[in-house]
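Student: I am new to this structure. Please take me through one part closely, and then show me how other parts compare.

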Amino acid sequence: MYDVIIIGAGIIGTNIARELSRYNTKVLIIEKDIDVSMGATKANSAIVHGGYAESHSTLRGRLCYKGRKQFKRLNEELNFGFEETGSLVVSTEDDKEPLEKLMENGIKNGLDDLSIIGSEEIREIEPELTHDAKWALYCKGAGVCSPYEMAIAMAENAIKNGVKLELENEVIDIEKIEDRFKVTTDKGEYYGKYVVNAAGLYSDKISKMVGVDNFEILPRSGEYILFTRGTGDPINTVIFQLPTKLGKGVLVTSTYYGNLLIGPDANDEIEREDTSTHVERIAKIYQQAKSLYDKINPKQFIRSFTGIRARSSTNDFIIEETKVKGFINVAGIQSPGLTSSPAIAEMVIGILQDAGLKLEENPNFDPYRKPIIIKKPLKPFNEIKDKIELPLGSEGRIVCRCEQVLEEEIVDALHRGIKVKTIDGVKRRTRATMGWCQGDFCKPRVIEVMEREYGEKIDPSYDIEHSGVNRVQKSELLDYLNSLEEE
Ligand SMILES: Cc1cc2nc3c(=O)[nH]c(=O)nc-3n(C[C@H](O)[C@H](O)[C@H](O)COP(=O)(O)OP(=O)(O)OC[C@H]3O[C@@H](n4cnc5c(N)ncnc54)[C@H](O)[C@@H]3O)c2cc1C
């Protein structure tokens with residue numbers, strides 16, 4: 001019997017699990033997918049938001065800065081990749097009022113690193129910006145992170161500190177029997193005194209399993225374009241347009257690893273898990289982003305992708321013990337959920353304590369996790385050519401030439417307490433297959449290492465099925481943009 005069963009291994013479930021592993025509690029995470037971080041956590045803007053955009057009257061407003069302040073320490077402990085780059089909300093209008101309102105809101109949310117700057121200072125911070133920007137709200141402490149690495153790091157560290165993880169277990173029923181819960185999955189039954197519902201897009205369905213139906217999840221998709229590594233280098237901060245009713249609008253940023261990232265848009269007319277991308281939407285994002293930064297070169301496009309926001313019908317985070325004692329909903333965790341996640345985890349620990357969970361410190365808690373990826377500049381091809389050609393098992397052998405991933409980094413990633421069954425899982429842990437060729441060269445080489453390490457055949461069906469998602473490719477975007485020019 002577990003003290004706490006957490007449903008969902010996204011950034012929320014893994015943060016809560018890791019926080020609980022500071023104590024002598026028996027914790028289980030149940031995840032339906034093949035790996036951790038397979039939901040919204042792997043497909044988003046990866047921004048560690050300032051915390052000024054959401055109203056103080058909402059949990060989203062109150063928890064964002066509280067979460068943001070913890071990223072530096074967490075990254076020092078867990079090495080998932082975080083950089084404080086700062087952010088700008090730029091305005092082309094003479095009127096500063098919308099920015100002043102955002103700033104006022106930020107101050108209410110506790111921020112102390114906001115300022116409104118004029119065009120000269122904007123140029124100093126972002127010399128490449130094309131926008132006729134007159135004013136900007138500058139948030140010094142905002143930044144970028146690697147969100148899936150963060151969830152992987154949280155999960156690895158939680159496991160090291162005693163948490164159990166069951167992957168490929170879809171929760172299909174929950175029953176309260178006296179003072180405990182029976183959680184039934186498609187693989188078995190688990191018992192726990194408390195259940196934390198962190199099931200993202202499915203959190204309303206999980207909640208309904210215990211008869212709590214006071215909210216619904218209204219999915220909202222956002223599409224993105226990711227460009228090759230190095231294209232993000234001229235951009236120093238995260239650049240936003242003024243927010244609209246639908247959200248923060250299209251942003252331009254460099255990812256933590258230096259890829260230019262533009263997006264997302266917003267569309268509510270979607271199926272819950274439809275992550276296909278659409279050329280009209282992608283082209284529109286390109287045009288909007290170009291009005292901020294006109295050096296975007298569509299020929300450097302490497303991938304389009306979609307993230308789905310688990311927006312709740314209350315349009316706020318829902319973090320509460322429900323009318324079913326011991327059943328806690330952590331639902332509707334749309335943006336800025338990633339940024340808020342450390343603060344959400346602390347809040348959930350408080351709720352569990354108030355609900356009667358006894359928390360006694362785990363004297364063996366080890367907060368540290370070594371990195372897998374060490375961020376470093378890429379070397380010229382002629383300097384690495386020999387290392388690519390080395391035979392399997394040689395020291396210093398490079399498996400992925402675009403991202404220059406070493407065989408030993410892949411080996412390390414495979415032996416950290418979570419069995420990595422897919423190339424996609426290796427990709428998110430090491431960056432192998434994430435470069436210009438998108439795996440054409442290294443996929444078979446990655447499989448070779450996985451099969452040797454695990455001593456078994458790797459079933460490629462999951463990767464094939466998921467890479468089959470209908471995504472706009474570079475040639476399609478280029479043709480479409482050409483056709484627009486011809487019109
Ligand atoms: C387009 C977009 C852009 C965003 N940008 C940002 C940003 O820049 N900064 C920021 O702070 N936030 C951002 N967010 C928000 C952030 O990504 C989310 O708030 C966060 O990832 C939510 O994490 P989660 O753990 O709640 O959900 P998820 O990551 O979706 O995890 C939920 C997990 O539950 C599992 N699950 C579901 N049903 C079951 C079941 N029946 N049994 C077992 N497991 C189940 C799923 O498989 C999934 O792994 C963005 C979101 C989107 C979509």
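Student: Which residue forms a salt bridge with R18, and how far apart are the closest N and O atoms?

Tutor: A word first: this is a predicted model. The partner of R18 is E77, and the closest N and O atoms of the pair are 2.8 Å apart. R18 lies in helix α1, residues 11-20, and E77 lies in helix α3, so the salt bridge ties together parts that are 59 residues apart in sequence. Both ends are hidden: R18 is buried, and E77 is buried too.

Now look at the helix around E77. Helix α3 covers residues 71-78, and its buried residues are F71, L74, N75, E77 and L78. Look down the axis of α3: these buried residues fall within an arc of 160°, so they line one face of the helix. Turn to the other side of α3 and you find K72 and E76, which are exposed. Just past the end of α3 comes N79, with a positive phi of about 55°.

That backbone angle deserves a pause. Most residues other than glycine have a negative phi. E168 is another residue with a positive phi, about 50°, and it is not a glycine. E168 sits in the loop between β9 (164-166) and β10 (171-177). Its relative accessibility is 27%, so E168 counts as partly exposed. T433 also has a positive phi, near 80°. Find T433 in the loop between α12 (423-430) and α13. T433 has 5% relative accessibility and therefore counts as buried.

Peptide bonds come next. Most peptide bonds are trans. The bond joining G263 and P264 is cis, with omega about -10°. P264 is in the loop between β16 (259-263) and α8. A cis bond also runs from S335 to P336, where omega is near 5°. P336 belongs to the loop between β19 (327-331) and α9 (337-354).

Follow the chain from P264 into helix α8, residues 279-290, and stop at A289. A289 has 0% relative accessibility, so it counts as buried. Its C-alpha atom is 6.6 Å from that of V250, although the two residues are 39 apart along the chain.

Back to salt bridges. The count for the model is 39. One of them joins E448 and R397, with the closest N and O atoms 3.6 Å apart. This pair links distant parts of the chain: E448 is in helix α13 (443-454), while R397 is in the loop between α10 (381-389) and β20 (398-400), 51 residues away. The two ends differ in cover. E448 is partly exposed at 36% relative accessibility, whereas R397 is buried at 4%. Elsewhere, salt bridges with shared partners join D35, D424, K427, R428 and R429 into one network.

Another pair is K182 and E175, whose side chains meet at 4.0 Å, N to O. K182 is buried, with a relative accessible area of 17%. E175 is partly exposed, at 36%.

Finish at the surface. E93, D95, E100 and E104 form a negative patch there. E100 is in helix α4, residues 97-108. With a relative accessible area of 37%, E100 is partly exposed.

Key. Residues numbered from 1 in each chain as written. Predicted model: local features only at pLDDT ≥ 70, side-chain atom pairs only at ≥ 80, totals over all residues. Heavy atoms only, no water. Patch = residues over 30% accessible without salt bridge, like charges linked within 9 Å, V, L, I, M, F, W, Y side chains within 5 Å. Areas by Shrake-Rupley, 256 points an atom, 1.4 Å probe, with all protein chains shown as cover. Lys, Arg positive; Asp, Glu negative; His and termini not counted. Charge placed at Lys NZ, Arg CZ, Asp CG, Glu CD. Helix = DSSP H or I, 4+ residues; strand = E, 2+ residues; numbered from the N terminus. Buried < 20%, exposed > 50% of the residue type's maximum accessible area, 1.4 Å probe, protein only. Arc of directions from axis to C-beta.
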